[in-house]
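I opened my notebook to look up a few helices and charged pairs. Here is what I went through, entry by entry.

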Amino acid sequence: MIEYVKGEVASLNPAAAVIETAGGVAYMLNISLATYDKLQGQRAARVYVHEAIRDDAWTLYGFADERERDIFRQLIGVSGVGAGMARMILSSISLDELAAVIASGDVKRLKNVKGIGAKTAERIIVDLRDKIKVADATLLSQSLVNNDAYDEALAALTMLGFDRKSSQKVLDSLYGADPTMKSEVAIKKALSMM
């Protein structure tokens, strides 16, 4: 079993990374947008690996840290959640936000992820509620991320090329001061703050 791949980032796009090891072997790893954000601009990286071996395919999934890989493995352990759906969840929701969504039972937020219906969202919450723990600070910030305007503003800033974590910090401060702020106003203010 491959634990991690360490080497030069030979190729990187939002869906996959190619890591060339010192021995000259290159591994293509399917990645989430969160991992893509962390690998951007790096010449070398250590990427943690999950192997999915089936009769017809041997697929590698890469993660910037062990926590993301652990949560990915917990997600694919839920009935009806495959590797593609787990990767979509991790691309759409940050790890801390996902922990807060599961802890608070926020089915609506999980349903906002492409391909997830109400039953799957409920199953994820029920199966993982006791497995994924959340800090009190994350629960506090969860009230901010339940806001649809917040989600729209975050998506817009990410699409404009800003780092997701930096965008979240700025939007947290803006929506902390005014939770009813419209997304257009938040985007304009965030652009001036970044």
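**Entry 1: a loop glycine**

I began with the cut-off: a residue counts as exposed when its relative accessible area is over 50%. I also noted that this is a predicted model. Then I looked up Gly77, which sits in the loop between α2 and α3. Its relative accessible area is 61%, so Gly77 is exposed. I checked the distance to Leu128 too: the C-alpha atoms of Gly77 and Leu128 are 9.4 Å apart in space, while the two residues are 51 apart in sequence.

**Entry 2: α2 against α3**

Next I took the two helices on either side of that loop. Helix α2 covers residues 66-76 and helix α3 covers residues 83-92. Their axes come within 9 Å and cross at roughly 135°. I wondered how α2 and α3 are oriented to each other. Angles over 145 degrees would count as roughly antiparallel, and the pair is therefore oblique. I noted the crossing of α2 and α3 as right-handed.

I then listed who meets whom. From α2 come Glu68, Ile71, Phe72, Leu75 and Ile76, and from α3 come Ala83, Ala86, Arg87, Ile89 and Leu90. Sorted by class, this contact has eight nonpolar residues, two charged ones and no polar ones.

**Entry 3: α2 against α4**

I stayed with α2 and turned to α4. The axes of α2 and α4 are 11 Å apart, and the helices pack at an angle of about 40°. I wrote this pair down as oblique too, since the roughly parallel class holds angles under 35 degrees. The crossing of α2 and α4 is left-handed. On the α2 side I found Arg67, Glu68, Ile71 and Leu75, and on the α4 side Leu95, Asp96, Leu98 and Ala99. By class I have five nonpolar, three charged and no polar residues for the contact of α2 with α4.

Glu68, Ile71 and Leu75 of α2 turn up in my list for α3 and again in my list for α4.

**Entry 4: salt bridges**

How many salt bridges does a search of the whole structure find? I got six. As a reminder to myself: side chains of opposite charge can pair when their charged atoms come close.

I looked at Asp96 and Arg67, since both had come up in the contact of α2 with α4. They form a salt bridge, with the closest N and O atoms 2.9 Å apart. The pair links distant parts of the chain, with Asp96 in helix α4 (residues 95-104) and Arg67 in helix α2, 29 residues apart. Asp96 is partly exposed at 41% relative accessibility, and Arg67 is partly exposed at 37%.

Then I checked Asp65 with Lys38, a salt bridge whose closest N and O atoms are 2.8 Å apart. Asp65 is in the loop between β5 (58-63) and α2, and Lys38 is in helix α1 (residues 33-39), so this salt bridge ties together parts that are 27 residues apart in sequence. I have Asp65 as partly exposed at 23% relative accessibility and Lys38 as partly exposed at 29%.

Arg69 and Glu66 came next, with a salt bridge of 3.8 Å from N to O. Both are in helix α2, and being three residues apart they are separated by about one helical turn. Are Arg69 and Glu66 buried or exposed? Arg69 is buried at 3% relative accessibility, whereas Glu66 is partly exposed at 39%. I also found that Glu3 joins Glu66 and Arg69 in a network of salt bridges.

**Entry 5: in and around α4**

I finished with α4 and its two ends. Ahead of it I looked up Ser94, in the loop between α3 and α4. Ser94 comes out at 19% relative accessibility, and it counts as buried because the cut-off is under 20%. Leaving aside neighbours within four places in sequence, Ser94 is in contact with Arg164 and Gln168.

Helix α4 itself is mostly covered, with seven of its ten residues buried. Those are Leu95, Glu97, Leu98, Ala99, Ala100, Val101 and Ile102. Just after α4, I noted that Gly105 takes a positive phi of about 70°.

Methods: Residues numbered from 1 in each chain as written. Predicted model: local features only at pLDDT ≥ 70, side-chain atom pairs only at ≥ 80, totals over all residues. Heavy atoms only, no water. Axes fitted to C-alpha atoms, helices over the stretch in contact; angles between N-to-C directions. Helix = DSSP H or I, 4+ residues; strand = E, 2+ residues; numbered from the N terminus. Parallel < 35°, antiparallel > 145°, perpendicular 65-115°, else oblique. Left-handed = near helix turned anticlockwise from the far one by under 90°. Contact = heavy atoms within 4.5 Å. Nonpolar A, V, L, I, M, F, W, Y, C, P; charged D, E, K, R; others polar. Salt bridge = Lys/Arg side-chain N within 4 Å of Asp/Glu carboxyl O. Buried < 20%, exposed > 50% of the residue type's maximum accessible area, 1.4 Å probe, protein only.
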